[in-house]
Amino acid sequence: MKSMSNVDIYTISEELNNLLSGARVDKSFQPTKDIVVMRFHVPGTGRVDLVMQCGSRIHTSQYPLENPTNPPTFPMLLRKRVKGAHVESIKQHNFDRVVEIRVKKDKYYTIIVELFDKGNIILLDDENNIILPLKRQQGSTRDISSKREYMFPEERGINPISVNENEFKELFKNSDRDVVRTLAMNGLGSLYAEEIIQRASKIIEL
């Protein structure tokens with residue numbers, strides 16, 4: 001499956017926030033090494049399963065996946081720490097391919113879903129420290145391992161929600177690529193970049 005773009009993640013985050021705000025966290029599962037499923041109880045709706053695949057996708061599903069007989073460490077920790085918690089908010093971080101799921105039980109917890117590169121799913125405490133990542137990762141700028149402060153990835157591309165005219169002009173001034181590729185590589189993805197240019201062309205024709 002093709003990875004979600006920044007625009008896709010913006011849209012699904014809004015939808016998930018509307019659907020799951022106030023929902024109660026139930027059990028969590030890990031059907032494969034890079035997929036975690038969190039089950040929620042939504043008042044008036046019932047069971048909702050949220051599928052999170054590292055580096056690829058996040059969405060609800062009505063089709064339960066087959067789970068191993070012995071649950072791995074990560075979903076067991078989610079059950080221990082956040083089962084019974086209620087969802088406070090679900091949002092995209094800075095129009096990036098990162099989703100923050102904030103829940104409250106005895107205290108606040110945040111589940112970070114990273115949907116860029118190989119991705120990750122990370123449980124944070126109320127002080128933004130990593131309790132446990134699905135995958136330990138060490139790089140030149142970030143150390144994703146237990147008891148470390150979580151650092152968001154360096155901002156890449158533009159945020160079309162907040163970008164101003166001067167920033168937009170500067171983006172093209174510093175780019176050595178055509179308009180479509182410049183937009184695509186700065187968070188909009190090729191599909192939406194082409195659609196923007198097509199619609200802009202129609203407006204110019206008018």
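What is the volume of the second largest pocket? Hold that thought while we get our bearings. What you're looking at is a predicted model, so every value below was computed from it.

Let's take the whole chain to begin with. The protein chain has 206 residues, and 43% of them count as buried. Its secondary structure comes to four helices and 11 strands. If you drew a box around the C-alpha atoms along the principal axes, that box would be roughly 60 × 40 × 30 Å. Now think about which residues touch which. Take the contacts in the chain with a separation of 6 or more: residues 24 or more positions apart account for 45% of them.

Back to the opening question. The second largest pocket has a volume of about 310 Å³. It is lined by 17 residues, and the closest to its centre are Phe116, Asp117, Thr141, Arg142 and Pro153. Sort that lining by character and you get four nonpolar, seven polar and six charged residues.

And the largest pocket? That one holds about 390 Å³ of space. Its lining is made of 21 residues, with Met4, Ser5, Asn6, Arg97 and Gly189 the closest to the centre. Two elements give two or more residues to this lining, namely α1 (6-20) and α4 (179-205). Helix α4 gives the most, with nine residues. By character, the lining of the largest pocket splits into seven nonpolar, eight polar and six charged.

Since α4 has come up, let's stop at one of its residues. Val180 sits in helix α4. Is Val180 buried or exposed? Neither, as it happens: with 24% relative accessibility, Val180 counts as partly exposed, because buried means under 20% and exposed means over 50%. Leaving aside residues up to four places away in sequence, Val180 touches Ala193, Glu194 and Ile197. Have a look at Ser190 as well: it is 10 residues from Val180 in sequence, yet the two C-alpha atoms are 7.0 Å apart in space.

Next, the aromatic rings. How many aromatic pairs does a search of the whole structure find? The count is two. In one of them, the ring centres of Tyr10 and Phe95 are 6.0 Å apart and the planes meet at 50°, so this pair is tilted. The pair ties together distant parts of the chain: Tyr10 belongs to helix α1, while Phe95 is in the loop between β5 (86-92) and β6 (98-104), 85 residues apart. The two partners also sit in unlike surroundings. Tyr10 is partly exposed, at 32% relative accessibility, whereas Phe95 is buried, at 6%.

The other pair is Tyr150 with Phe152. Here the ring centres are 5.0 Å apart and the planes are at 80°, so the pair is edge-to-face. Why does that angle earn the name? Because planes over 60 degrees apart count as edge-to-face. Tyr150 is buried, with 1% relative accessibility, while Phe152 is partly exposed, with a relative accessible area of 26%.

Remember the loop between β5 and β6, where Phe95 turned up? Asn94 is in that loop too. What is notable here is the backbone: Asn94 has a positive phi of about 50° although it is not a glycine. At 39% relative accessibility, Asn94 counts as partly exposed. Asn128 also has a positive phi, of about 70°, and it isn't a glycine either. You'll find Asn128 in the loop between β8 (120-124) and β9 (130-133). Its relative accessibility is 29%, so Asn128 counts as partly exposed.

Let's finish on a strand. Ser61 lies in strand β4, which covers residues 57-61. Which backbone atom does the side chain of Ser61 reach? It reaches the backbone nitrogen of Tyr63, at 3.1 Å. Apart from residues up to four places away in sequence, Ser61 touches Asp49 and Val51.

Key: Residues numbered from 1 in each chain as written. Heavy atoms only, no water. Polar contact = N/O pair within 3.5 Å; in protein donor to acceptor, adjacent residues only side chain to side chain. Contact = heavy atoms within 4.5 Å. 1 Å grid on protein atoms, 1.4 Å probe; cavity = no way out; pocket = protein on both sides within 12 Å on 5 of 7 lines; lining within 4 Å. Points joined across faces, edges and corners; volume = space filled by probe spheres on them. Nonpolar A, V, L, I, M, F, W, Y, C, P; charged D, E, K, R; others polar. Phe/Tyr/Trp six-rings, centres within 6.5 Å; stacked < 30°, edge-to-face > 60°. Buried < 20%, exposed > 50% of the residue type's maximum accessible area, 1.4 Å probe, protein only.
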